[in-house]
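Subject: Structure handover

Hello,

Please find the structure below, with the sequence alongside. My notes come after it.

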Amino acid sequence: MAAAIATGQKTVAVHPSLPPILTLKHLAHLTQVPYPHLRDYVTREVDAYKIFRVRKRARPGQPTSFRVICVPPQSLAVAQQWIAKYVLAIGVTHNASTAFAPGCRLVVAAAPHCASRWLIKVDVQRFFESISEVDCYRVFRSLGYQPLVSLELARLCTRIGPFNGLRRTKRWFRKAPLETSKIKSYAIRRLGHLPQGAATSPMLANLAMREADVLLTALAERYGLTYTRYADDLTFSTASREFQRADARKAVCEIYGVLRQFGLAPNLTKTAIVSPRSRKIVLGLQVDQDEPKLTRAFKMKMRMHLHYLEREDVGPLKHAERRGFSAVAGMRNHLMGLAAYAIQIEPAYGKAIKARFESITWPVLY
């Protein structure tokens, strides 16, 4: 009992709202997930994730690419949702991190870069898959959990992916000999990574990136830049007239160096240095002015949809068929979602197009 109290005190010392977790069986009680299920996931005896691919948005001149989504089994999903809600949500991310936290919105994330002269955009390749089981272990240790519990939590939040080119480096293999493990069933040679699709992955990635965000913020300050990170999108900007392209290129090289320190690979094809006279887009929003605005392309798209929906010789049925929607209901939900997005960025414009969508005579059976 004394040991349990001491363990709990170390956790609440980090944050009074963090729930003490004494053992895996205690976690099973807290999450109401059967202990044998958690044990199987921790020992990697079961990998019941459902894997499917989602086509990414097409880019001119680029081959078709896909995003791999991993859907956890029901019992593991319940455990992950509990961990995300009661543990990870309490963790403190770096100020530069602007995604996957309460109150985070695209317009707020893009605002620091408004009216900038120079813009540097860097994308991290396979962001979630690059966050290892060891990174997750360190996050849970920093929250005050004991080593064994931290290992078990990290195992529950990660999976061992396919043995591909990304997983052949030493970083993805256990350093200590398997014989040194005190729990033989936990001794596994390969290390897991964050699966895209788990409830815990976004917040764990942000917490694991805290040290990288510290270094990138310091780097940005040396160059007089403002730095923010929205998941795998890194943005640097400045309004200085003394900043030149040579400075931007040098900064990009140093940014790459920081990312590689943490096992992250920059997506070279998506790195962009945007000069003063070029149009500036951050997270899909235009930031040339004092406030983030919807892009001209977005408004032209909305105008096109409204034009055909309001024409008597086209209407919802024909327009849905021409645009490749399987049902009018799907198209209507899609457009209303875009209107809701527009309301967040430009309320007056968004409410106007929403009203026009609502005034359209939609078929009764759609």
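The notes below go from the whole chain to single strands and residues.

Overall. This is a predicted model. The chain has 366 residues, and 44% of them are buried. Its secondary structure comes to 14 helices and 10 strands. Taken along the principal axes, the box filled by the C-alpha atoms is roughly 75 × 60 × 40 Å. The exposed area of the chain is about 19,700 Å², with carbon and sulfur atoms supplying 54% of it. Among contacts with a separation of 6 or more, 69% are between residues 24 or more positions apart.

Strand β5 and its partners. Strand β5 covers residues 233-238 and is mostly covered, with five of its six residues buried. β5 pairs with two strands that I looked at, β3 and β4. The pairing with β3 (residues 118-125) is antiparallel and runs over six bridges; within it, I120 has F236 of β5 as its bridge partner. β4 (residues 226-230) also runs antiparallel to β5, and five bridges join them. On that side, T226 is bridged to S237 in β5. β4 and β5 form a hairpin with two residues between the strands, and A231 there takes a positive phi near 60°. If you check backbone torsions, A231 is the residue in this hairpin that I would list for its positive phi.

Surface patch. F52, V54 and V71 make a nonpolar surface patch of about 210 Å². F52 sits in strand β1, residues 50-55. How exposed is F52? With a relative accessible area of 39%, F52 is partly exposed, because the partly exposed class lies between 20% and 50%.

Cysteines. How many disulfides does a search of the whole structure find? The search finds zero. For C70, the closest cysteine sulfur is in C136, at 14 Å, which is too far for a bond; a disulfide needs the two sulfur atoms within 2.5 Å. Is C70 buried or exposed? C70 is buried, its relative accessible area being 3%, under the 20% cut-off. C253, by contrast, is exposed, at 55% relative accessible area, which is over the 50% cut-off.

To recap the points on single residues: C70 is buried, C253 is exposed, F52 is partly exposed, and A231 has a positive phi.

Regards

Technical notes: Residues numbered from 1 in each chain as written. Predicted model: local features only at pLDDT ≥ 70, side-chain atom pairs only at ≥ 80, totals over all residues. Heavy atoms only, no water. Buried < 20%, exposed > 50% of the residue type's maximum accessible area, 1.4 Å probe, protein only. Patch = residues over 30% accessible without salt bridge, like charges linked within 9 Å, V, L, I, M, F, W, Y side chains within 5 Å. Areas by Shrake-Rupley, 256 points an atom, 1.4 Å probe, with all protein chains shown as cover. Salt bridge = Lys/Arg side-chain N within 4 Å of Asp/Glu carboxyl O. Helix = DSSP H or I, 4+ residues; strand = E, 2+ residues; numbered from the N terminus. Pairing = 2+ DSSP bridges. Contact = heavy atoms within 4.5 Å.
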